[in-house]
Each structure stands twice: as structure tokens, then as C-alpha cells.
Amino acid sequence: MTAIVGNTYPVREKIKQLGGKWDAERKAWMVPDGRASEARSLVEHAPAEQRTPGKCAKCGRSCKPQYTLCYGCAQNARGKCAKCGDELDDWKKRHAIRLCLECRDGGSRAHGGQSYYDRSGNFVLGDDD
């Protein structure tokens, strides 16, 4: 079996017809070796994802014309780090902070002021201390 990755969503039904099985753990289609070149060709020529205003790109439901995500899908995306996708704590959610501590560069503390711990866990003494 050969793993097929890329823009597979538009051609997923054709990949299934080739004998492909979705492997959720690998996030790839597993296709028999004899059909791998056909599957790769399908993925290469797959239409690009198009976002239509007024239609949710995730679930396909209608939404306000100026948006491409419905309210439910947009709410599900909130509360996660914009870089790594880890869940944010309640305080960060309430204060609209979009990055977890590991993905932040220290914020205002990195430019002097209070002491803080950097990403590597090293203690940095600020100007105020």
C-alpha cells in the first residue's frame, strides 16, 4: 500500500474507487501499489479549494454573505492556539489571546520590564527587578 497525501478531498470518491482506504492516523489515503500512479495523477489535477462567500468552507451550510465560515465552525476554531492548535485556557479565551505560551515570543516582557521564563524554560531577569 502506498500513502497518498495532498489536496485529496475533491477526488476522495475516485480514490475510493481505486481501492483506497483513508488512514486517519497518518492523514493519508492508502492505495494499492498498482494504482498509486493513478491516484497521484488524480490529486495533482484536483481542483483547488474554493471558498464561496455565504457558504461555510468546513460544513457547507449557509452563512452571512461576507463570511466563509458559519458561526458554529468559527466558534469551534476559537479557543485554540493560532500556531500549534493546542487548547487555550479560559483566561486566554476570555481575553482574546490567540497564542499559547510556547508559541509566544515573551510579549511585552521580552522587551524589558518584568522577569519571565523564555520558551526554553530559562529565567530572564527584567529591568524592573
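**Figure 1. Trp 22 and its ring partner.** Trp 22 is partly exposed in this predicted model, with a relative accessible area of 47%. That value falls between the 20% and 50% cut-offs, so the residue counts as neither buried nor exposed. Look across to Trp 29 and you find a residue that counts as buried, at 6% relative accessibility. The two rings have their centres 5.5 Å apart and their planes at 65°, which makes the pair edge-to-face. A search through the whole structure turns up one aromatic pair, and Trp 22 with Trp 29 is that pair.

**Figure 2. The open sheet of E1, E3 and E2.** Three strands make up this open sheet, lined up in the order E1-E3-E2, with antiparallel pairing. Strand E1 (2-4) and strand E2 (21-23) sit at the edges; each has a single partner strand, so one side of each is left without a neighbour in the sheet. On average, neighbouring strands here are turned by 40° against each other, ignoring direction. E1 is joined to E3 by three bridges, and three bridges also join E2 to E3. For a bridge to pick out by eye, try Ile 4, whose partner in E3 is Trp 29.

**Figure 3. Strand E3, covered on both faces.** Which residues of E3 are buried on one side, and which on the other? Ala 28 and Met 30 take one side, while Trp 29 and Val 31 take the other, and all of them are buried. Strand E3 (residues 28-31) is also where confidence in the chain is highest, at a mean pLDDT of 91.

**Figure 4. The E2-E3 hairpin.** E2 and E3 form a hairpin, with four residues between them. Keep an eye on Lys 27 in the turn: its phi is positive, at about 55°. Two of the bridge partners are worth finding here. Asp 23 has Ala 28 as its bridge partner in E3, and Lys 21 has Met 30.

**Figure 5. Lys 21, an exposed residue on an edge strand.** Lys 21 lies in strand E2, one of the strands at the edges of the sheet. It is exposed, with a relative accessible area of 57%. Setting aside neighbours within four places in sequence, Lys 21 is in contact with Ala 28, Trp 29 and Met 30. Those contact residues are themselves buried. What is the C-alpha separation between Lys 21 and Met 1, 20 residues apart along the chain? The answer is 9.7 Å.

**Figure 6. Thr 8, tucked into a loop.** Thr 8 sits in the loop between E1 and helix H1 (12-17). Is this loop residue buried or exposed? Thr 8 is buried, with a relative accessible area of 9%, and the cut-off that matters is 20%, so Thr 8 falls under it. Not counting residues up to four places away in sequence, Thr 8 touches Ile 15, Trp 29 and Val 43. Trp 29 is the buried ring from the aromatic pair.

**Figure 7. Arg 12 over Tyr 9, and helix H2 across the sheet.** Here the charged end of Arg 12 sits over the ring of Tyr 9, 4.0 Å from the ring centre. In the second panel, helix H2 (residues 36-44) lies across E1 and E3, running at about 5° to E1.

**Figure 8. Lys 58, out in a loop.** Lys 58 is found in the loop between H2 and H3. At 58% relative accessibility, Lys 58 counts as exposed. Its C-alpha atom is 8.3 Å from that of Cys 70, a residue 12 places away along the chain.

**Figure 9. The whole chain, with a word on confidence.** Zooming out, the chain has four helices and five strands. From the N terminus on, they run β-α-β-β-α-α-α-β-β. Buried residues make up 23% of the 129 residues. Of the contacts between residues at least 6 apart in sequence, 25% join residues at least 24 apart. The mean pLDDT is 77, and 80% of residues reach 70 or more. Confidence is lowest in helix H3 (residues 71-77), at a mean of 65. Where pLDDT is low, the predicted coordinates should not be read in detail.

Definitions and conventions: Residues are numbered from 1 along each chain as its sequence is written. This is a predicted model: local features need pLDDT of at least 70, side-chain atom pairs count only at pLDDT 80 or more; totals for chains, interfaces and linings use all residues. Side-chain values use heavy atoms; hydrogens and water are left out. pLDDT is the predictor's confidence in each residue, from 0 to 100. Helices (H or I, at least four residues) and strands (E, at least two) are DSSP runs, numbered from the N terminus. Two strands pair if DSSP finds at least two bridges between them. Axes are lines fitted to C-alpha atoms, for helices over the stretch in contact, and angles run from 0 to 180 degrees between N-to-C directions. Contact means heavy atoms within 4.5 Å. Buried means under 20% relative accessible area, exposed over 50%, partly exposed in between (1.4 Å probe, protein chains only). Rings of Phe, Tyr and Trp (its six-membered ring) pair if their centres lie within 6.5 Å; planes under 30 degrees apart count as stacked, over 60 as edge-to-face and the rest as tilted. A charge sits over a ring if NZ of Lys or CZ of Arg is within 6 Å of the ring centre and within 35 degrees of the ring normal.
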